Amino acid sequence: MKMVAREHPVIDSIACQRLIGRFIAAGSPRWVTAFPLATRSLRFTLLALLLLLPWPAAAFWLLGFSTADTLPYGGLSAIAGTGGQFTSVGDPSRSNFTPFLPHAGFRVGLGDGWDIGYRLTQVALPFSSVGPSLGGEIDVKHRLTPIDSPWQVAIVAGGAYSYLDLSDQSKSAWSPGVDLIFSRAITPRYTLISELRYVYTAIPTALGGAGQNYVNAAGVDMGMRIGLTNMVSIIPEVGVFDFVGRLANRRSNGVAAQYGSVLAFRF
(Lines give C-alpha, C1' and ligand atoms only; values in the text may rest on other atoms or scores of the structure.)
Protein backbone atom coordinates (compact mmCIF):
# COMPACT_ATOMS: atom_id res chain seq x y z
CA MET A 1 0.00 0.00 0.00
CA LYS A 2 1.47 3.86 -0.42
CA MET A 3 3.01 6.84 1.31
CA VAL A 4 3.35 10.55 1.05
CA ALA A 5 5.25 13.12 3.07
CA ARG A 6 4.14 16.44 4.44
CA GLU A 7 7.49 18.12 4.87
CA HIS A 8 6.88 20.77 2.17
CA PRO A 9 3.47 22.34 2.86
CA VAL A 10 3.48 23.91 -0.57
CA ILE A 11 4.36 21.32 -3.17
CA ASP A 12 1.64 22.52 -5.50
CA SER A 13 -1.64 22.10 -3.80
CA ILE A 14 -2.17 18.99 -5.72
CA ALA A 15 1.03 17.15 -5.91
CA CYS A 16 0.28 13.65 -7.26
CA GLN A 17 2.95 11.14 -7.97
CA ARG A 18 3.84 9.00 -10.81
CA LEU A 19 6.15 6.18 -11.83
CA ILE A 20 6.18 2.63 -13.07
CA GLY A 21 8.47 -0.26 -12.27
CA ARG A 22 9.23 -3.21 -10.11
CA PHE A 23 11.40 -4.41 -7.35
CA ILE A 24 10.72 -6.78 -4.53
CA ALA A 25 7.39 -7.67 -2.92
CA ALA A 26 6.89 -9.91 -0.01
CA GLY A 27 5.32 -13.08 0.99
CA SER A 28 3.86 -14.74 3.93
CA PRO A 29 5.00 -17.68 5.97
CA ARG A 30 3.62 -21.15 6.08
CA TRP A 31 0.05 -21.91 6.83
CA VAL A 32 -1.09 -22.78 10.27
CA THR A 33 -4.68 -23.82 10.74
CA ALA A 34 -4.82 -23.45 14.49
CA PHE A 35 -7.77 -21.26 15.34
CA PRO A 36 -7.57 -22.44 18.99
CA LEU A 37 -4.36 -20.42 19.26
CA ALA A 38 -6.12 -17.30 18.06
CA THR A 39 -6.70 -15.80 21.52
CA ARG A 40 -3.04 -15.30 22.41
CA SER A 41 -2.01 -14.42 18.85
CA LEU A 42 -4.84 -11.95 18.52
CA ARG A 43 -3.58 -10.15 21.61
CA PHE A 44 -0.14 -9.93 20.06
CA THR A 45 -1.61 -8.62 16.80
CA LEU A 46 -3.71 -5.97 18.52
CA LEU A 47 -0.71 -4.89 20.61
CA ALA A 48 1.40 -4.48 17.46
CA LEU A 49 -1.36 -2.43 15.84
CA LEU A 50 -1.72 -0.19 18.88
CA LEU A 51 2.03 0.40 19.04
CA LEU A 52 2.03 1.52 15.44
CA LEU A 53 -1.16 3.56 15.64
CA PRO A 54 0.26 6.89 16.89
CA TRP A 55 2.95 7.22 14.21
CA PRO A 56 2.38 10.33 12.04
CA ALA A 57 2.37 9.90 8.26
CA ALA A 58 0.54 11.23 5.25
CA ALA A 59 0.83 8.31 2.89
CA PHE A 60 -0.65 5.08 1.67
CA TRP A 61 0.93 1.64 1.41
CA LEU A 62 0.66 0.22 -2.07
CA LEU A 63 3.03 -2.58 -1.15
CA GLY A 64 1.22 -5.83 -0.40
CA PHE A 65 3.57 -7.90 1.78
CA SER A 66 1.89 -11.14 0.72
CA THR A 67 2.42 -14.20 -1.42
CA ALA A 68 -0.33 -15.52 -3.68
CA ASP A 69 -1.14 -18.44 -1.38
CA THR A 70 -4.15 -18.23 0.93
CA LEU A 71 -4.73 -19.35 4.50
CA PRO A 72 -6.64 -22.56 5.23
CA TYR A 73 -10.00 -22.37 6.97
CA GLY A 74 -9.54 -20.82 10.42
CA GLY A 75 -5.87 -19.97 9.82
CA LEU A 76 -4.63 -16.67 11.26
CA SER A 77 -1.67 -14.53 10.23
CA ALA A 78 -0.42 -11.05 11.15
CA ILE A 79 2.15 -8.56 9.90
CA ALA A 80 3.82 -5.54 11.52
CA GLY A 81 6.62 -3.35 10.23
CA THR A 82 7.60 -0.08 8.64
CA GLY A 83 9.00 1.47 5.47
CA GLY A 84 9.34 4.75 3.63
CA GLN A 85 8.64 6.65 0.44
CA PHE A 86 10.40 9.04 -1.92
CA THR A 87 8.38 11.16 -4.37
CA SER A 88 9.16 13.56 -7.19
CA VAL A 89 6.10 15.55 -8.26
CA GLY A 90 4.98 18.66 -10.11
CA ASP A 91 6.46 20.75 -12.90
CA PRO A 92 9.02 21.92 -11.97
CA SER A 93 9.36 18.80 -9.89
CA ARG A 94 9.88 18.81 -6.13
CA SER A 95 11.08 15.87 -4.12
CA ASN A 96 9.75 14.63 -0.80
CA PHE A 97 11.04 11.87 1.45
CA THR A 98 9.37 10.16 4.41
CA PRO A 99 11.75 7.61 5.98
CA PHE A 100 9.47 5.85 8.48
CA LEU A 101 5.86 4.81 7.89
CA PRO A 102 4.05 2.04 9.79
CA HIS A 103 2.07 -0.86 8.43
CA ALA A 104 0.20 -3.59 10.30
CA GLY A 105 -2.65 -6.01 9.80
CA PHE A 106 -3.98 -9.54 10.08
CA ARG A 107 -5.68 -12.16 7.86
CA VAL A 108 -8.09 -15.02 8.49
CA GLY A 109 -8.56 -18.05 6.26
CA LEU A 110 -12.01 -18.62 4.79
CA GLY A 111 -11.03 -21.92 3.18
CA ASP A 112 -10.95 -23.27 -0.38
CA GLY A 113 -8.62 -20.62 -1.81
CA TRP A 114 -10.14 -17.62 -0.02
CA ASP A 115 -9.04 -15.44 2.90
CA ILE A 116 -9.89 -11.99 4.23
CA GLY A 117 -7.67 -9.32 5.76
CA TYR A 118 -7.76 -6.06 7.69
CA ARG A 119 -5.01 -3.43 7.73
CA LEU A 120 -4.26 -0.12 9.33
CA THR A 121 -3.35 1.96 6.32
CA GLN A 122 -3.08 5.46 4.89
CA VAL A 123 -5.28 7.03 2.24
CA ALA A 124 -3.54 7.25 -1.15
CA LEU A 125 -3.23 11.00 -1.52
CA PRO A 126 0.20 12.34 -2.54
CA PHE A 127 -0.68 15.97 -1.80
CA SER A 128 1.50 18.03 0.53
CA SER A 129 -1.56 19.96 1.75
CA VAL A 130 -3.19 16.75 2.97
CA GLY A 131 -2.21 16.07 6.55
CA PRO A 132 -1.62 12.82 8.44
CA SER A 133 -4.38 10.24 8.27
CA LEU A 134 -4.89 6.69 9.46
CA GLY A 135 -7.65 4.55 8.04
CA GLY A 136 -8.84 0.99 7.90
CA GLU A 137 -8.74 -1.30 4.87
CA ILE A 138 -10.54 -4.60 4.28
CA ASP A 139 -9.67 -6.87 1.36
CA VAL A 140 -10.49 -10.36 0.11
CA LYS A 141 -7.92 -12.60 -1.61
CA HIS A 142 -8.76 -15.44 -4.02
CA ARG A 143 -6.10 -17.90 -5.20
CA LEU A 144 -6.52 -18.59 -8.93
CA THR A 145 -4.08 -21.52 -9.24
CA PRO A 146 -4.08 -25.07 -7.78
CA ILE A 147 -2.53 -25.35 -4.36
CA ASP A 148 0.31 -27.55 -5.67
CA SER A 149 1.19 -25.32 -8.64
CA PRO A 150 4.86 -24.10 -8.73
CA TRP A 151 3.62 -20.64 -9.68
CA GLN A 152 0.85 -19.19 -7.55
CA VAL A 153 -1.46 -16.40 -8.78
CA ALA A 154 -4.06 -14.57 -6.72
CA ILE A 155 -6.33 -11.55 -7.06
CA VAL A 156 -7.05 -9.20 -4.17
CA ALA A 157 -9.87 -6.65 -4.07
CA GLY A 158 -10.68 -4.28 -1.24
CA GLY A 159 -11.29 -0.78 -0.05
CA ALA A 160 -10.14 1.71 2.60
CA TYR A 161 -11.88 4.55 4.44
CA SER A 162 -10.25 7.34 6.41
CA TYR A 163 -10.49 10.91 7.65
CA LEU A 164 -7.93 13.44 6.40
CA ASP A 165 -6.65 16.78 7.58
CA LEU A 166 -7.09 18.84 4.41
CA SER A 167 -5.92 22.44 4.84
CA ASP A 168 -6.72 22.17 8.57
CA GLN A 169 -10.21 20.81 7.90
CA SER A 170 -11.32 17.23 8.53
CA LYS A 171 -12.47 15.44 5.36
CA SER A 172 -13.39 11.83 4.67
CA ALA A 173 -11.85 9.78 1.86
CA TRP A 174 -12.48 6.34 0.40
CA SER A 175 -10.18 4.17 -1.69
CA PRO A 176 -11.02 0.96 -3.60
CA GLY A 177 -8.22 -1.04 -5.21
CA VAL A 178 -7.26 -4.29 -6.93
CA ASP A 179 -4.03 -6.29 -6.83
CA LEU A 180 -2.72 -9.20 -8.93
CA ILE A 181 -0.08 -11.27 -7.09
CA PHE A 182 2.42 -13.74 -8.58
CA SER A 183 4.66 -15.86 -6.35
CA ARG A 184 6.97 -18.85 -6.63
CA ALA A 185 8.75 -20.81 -3.91
CA ILE A 186 12.46 -20.99 -4.75
CA THR A 187 13.30 -23.12 -1.71
CA PRO A 188 11.26 -24.06 1.39
CA ARG A 189 12.67 -20.92 2.98
CA TYR A 190 12.55 -18.37 0.14
CA THR A 191 9.56 -17.29 -1.94
CA LEU A 192 9.76 -14.67 -4.70
CA ILE A 193 6.78 -12.34 -5.19
CA SER A 194 5.68 -9.70 -7.69
CA GLU A 195 2.52 -7.60 -7.75
CA LEU A 196 0.60 -5.35 -10.10
CA ARG A 197 -1.56 -2.88 -8.18
CA TYR A 198 -4.11 -0.17 -8.95
CA VAL A 199 -5.76 2.10 -6.36
CA TYR A 200 -8.27 4.92 -6.78
CA THR A 201 -8.80 7.43 -3.98
CA ALA A 202 -11.43 10.17 -3.76
CA ILE A 203 -12.28 12.93 -1.26
CA PRO A 204 -16.01 13.44 -1.85
CA THR A 205 -16.36 15.92 1.03
CA ALA A 206 -13.71 18.35 -0.32
CA LEU A 207 -14.67 21.45 -2.30
CA GLY A 208 -15.70 20.28 -5.79
CA GLY A 209 -16.39 16.71 -4.66
CA ALA A 210 -14.74 13.51 -5.86
CA GLY A 211 -14.64 14.75 -9.47
CA GLN A 212 -12.09 17.43 -8.54
CA ASN A 213 -10.30 15.67 -5.67
CA TYR A 214 -8.95 12.24 -6.53
CA VAL A 215 -5.84 10.15 -7.23
CA ASN A 216 -5.19 7.23 -9.57
CA ALA A 217 -2.15 5.15 -8.56
CA ALA A 218 -0.72 2.21 -10.51
CA GLY A 219 2.55 0.37 -10.24
CA VAL A 220 4.51 -2.80 -9.71
CA ASP A 221 6.56 -4.18 -6.85
CA MET A 222 8.70 -7.19 -6.06
CA GLY A 223 9.79 -8.81 -2.85
CA MET A 224 10.87 -11.91 -1.01
CA ARG A 225 9.44 -13.94 1.82
CA ILE A 226 12.28 -15.26 3.99
CA GLY A 227 11.32 -17.89 6.51
CA LEU A 228 12.97 -17.50 9.91
CA THR A 229 11.06 -20.25 11.73
CA ASN A 230 8.02 -22.40 11.03
CA MET A 231 5.80 -19.53 12.14
CA VAL A 232 7.79 -16.35 11.51
CA SER A 233 9.02 -14.76 8.28
CA ILE A 234 10.55 -11.44 7.28
CA ILE A 235 9.23 -9.77 4.12
CA PRO A 236 11.25 -6.98 2.43
CA GLU A 237 9.62 -5.22 -0.51
CA VAL A 238 10.27 -2.39 -2.98
CA GLY A 239 7.92 -0.84 -5.53
CA VAL A 240 7.58 2.03 -8.00
CA PHE A 241 4.30 3.75 -8.81
CA ASP A 242 2.74 6.32 -11.09
CA PHE A 243 0.28 8.91 -9.70
CA VAL A 244 -2.16 11.07 -11.61
CA GLY A 245 -4.87 13.09 -9.88
CA ARG A 246 -6.39 16.39 -8.84
CA LEU A 247 -6.87 18.41 -5.69
CA ALA A 248 -9.16 21.43 -5.87
CA ASN A 249 -9.38 20.62 -9.61
CA ARG A 250 -5.65 21.26 -10.19
CA ARG A 251 -3.59 18.47 -11.72
CA SER A 252 -0.02 17.39 -11.04
CA ASN A 253 1.81 14.21 -11.98
CA GLY A 254 4.82 12.54 -10.44
CA VAL A 255 6.63 9.36 -9.54
CA ALA A 256 7.07 7.56 -6.23
CA ALA A 257 9.22 4.74 -4.91
CA GLN A 258 8.36 2.79 -1.76
CA TYR A 259 10.32 0.38 0.38
CA GLY A 260 9.31 -1.58 3.43
CA SER A 261 9.87 -4.65 5.55
CA VAL A 262 7.51 -6.49 7.90
CA LEU A 263 7.59 -9.47 10.20
CA ALA A 264 4.88 -11.97 9.32
CA PHE A 265 3.45 -14.47 11.80
CA ARG A 266 1.29 -17.58 11.30
CA PHE A 267 -0.58 -18.87 14.33
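Hi everyone, let me start with one residue: Ser172 has a relative accessibility of 10%, so Ser172 counts as buried, since the cut-off for that is under 20%. Please keep in mind that we are looking at a predicted model.

Where does Ser172 sit? Its place is in strand E6, which covers residues 169–185. And which residues does Ser172 touch, once we set aside the neighbours within four places in sequence? On one stretch of numbering there are Tyr161, Ser162 and Tyr163, and on another Ala202, Ile203, Pro204 and Thr205.

Now let's step back and look at the whole chain. There are 267 residues, and 54% of them are buried. The secondary structure amounts to 10 strands and one helix. Reading from the N terminus, the order is α-β-β-β-β-β-β-β-β-β-β, so to speak a helix followed by the strands. If we take the contacts with a separation of 6 or more, 71% of them are between residues 24 or more positions apart. As for the outside, the accessible surface comes to about 11400 Å², and carbon and sulfur atoms hold 66% of that.

Let's walk along some strands together. Strand E1 is residues 76–89, strand E2 is residues 94–111, and these two pair in the antiparallel sense over 13 bridges. At one place in this pairing, Val89 stands opposite Arg94 in E2. E1 and E2 make a hairpin, with four residues between them. In that turn you can find Gly90, which has a positive phi of about 85°.

Moving on, E2 also pairs with E3, again in the antiparallel sense, this time over seven bridges. What is the bridge partner of Gly109 in E3? That is Asp115, and please remember that name for a moment. E2 and E3 form a hairpin as well, with two residues between them. Here the turn residue to look at is Asp112, whose positive phi is about 55°.

Back to Asp115, then, and on to charges. The structure holds four salt bridges. One of them joins Asp115 to Arg107, with the closest N and O atoms 2.9 Å apart. Both Asp115 and Arg107 are buried. Arg107 forms a salt bridge with Asp139 too, and there the closest N and O atoms are 2.8 Å apart. Why is that second pair worth a look? Arg107 lies in strand E2 and Asp139 in strand E4, so the pair ties together parts that are 32 residues apart in sequence. Asp139 is buried, as is Arg107. Through shared partners, the salt bridges join Arg107, Asp115 and Asp139 into one network.

Elsewhere in the chain, Glu195 and Arg197 meet through their side chains in a salt bridge, at 3.2 Å from N to O. Glu195 and Arg197 are both buried.

Next, the aromatic rings. How many aromatic pairs does the structure hold? There are four. One of them is formed by Phe106 and Tyr118: the centres are 6.1 Å apart, the planes are at 45°, and the pair is tilted. Phe106 belongs to strand E2 and Tyr118 to strand E3, so this pair ties together parts 12 residues apart in sequence. Are these two buried or exposed? Phe106 has a relative accessible area of 23%, so Phe106 is partly exposed. Tyr118 comes out at 30%, and therefore Tyr118 is partly exposed as well. Further along, ring pairs link Trp174, Tyr200 and Tyr214 into a cluster.

Tyr118 brings us to the surface, where there is a nonpolar patch of about 490 Å². Which residues make this patch? They are Leu110, Trp114, Ile116, Tyr118, Ile138 and Val140. Strand E3, residues 114–121, and strand E4, residues 135–143, each supply at least two of the patch residues. The largest share is from E3, with three residues.

Let me finish with one member of that patch, Ile138, which has its place in strand E4. Its relative accessible area is 49%, so Ile138 is partly exposed, because only values over 50% would count as exposed. We began with Ser172, which is buried, and we end with Ile138, which is partly exposed. Thanks for listening!

How values were computed: Residues are numbered from 1 along each chain as its sequence is written. This is a predicted model: local features need pLDDT of at least 70, side-chain atom pairs count only at pLDDT 80 or more; totals for chains, interfaces and linings use all residues. Side-chain values use heavy atoms; hydrogens and water are left out. Buried means under 20% relative accessible area, exposed over 50%, partly exposed in between (1.4 Å probe, protein chains only). Contact means heavy atoms within 4.5 Å. Patches are made of residues with over 30% relative accessible area and no salt bridge: like charges are joined within 9 Å, nonpolar side chains (Val, Leu, Ile, Met, Phe, Trp, Tyr) within 5 Å. Accessible areas come from the Shrake-Rupley method with a 1.4 Å probe; for residues, only the protein chains shown count as cover. Two strands pair if DSSP finds at least two bridges between them. Rings of Phe, Tyr and Trp (its six-membered ring) pair if their centres lie within 6.5 Å; planes under 30 degrees apart count as stacked, over 60 as edge-to-face and the rest as tilted.
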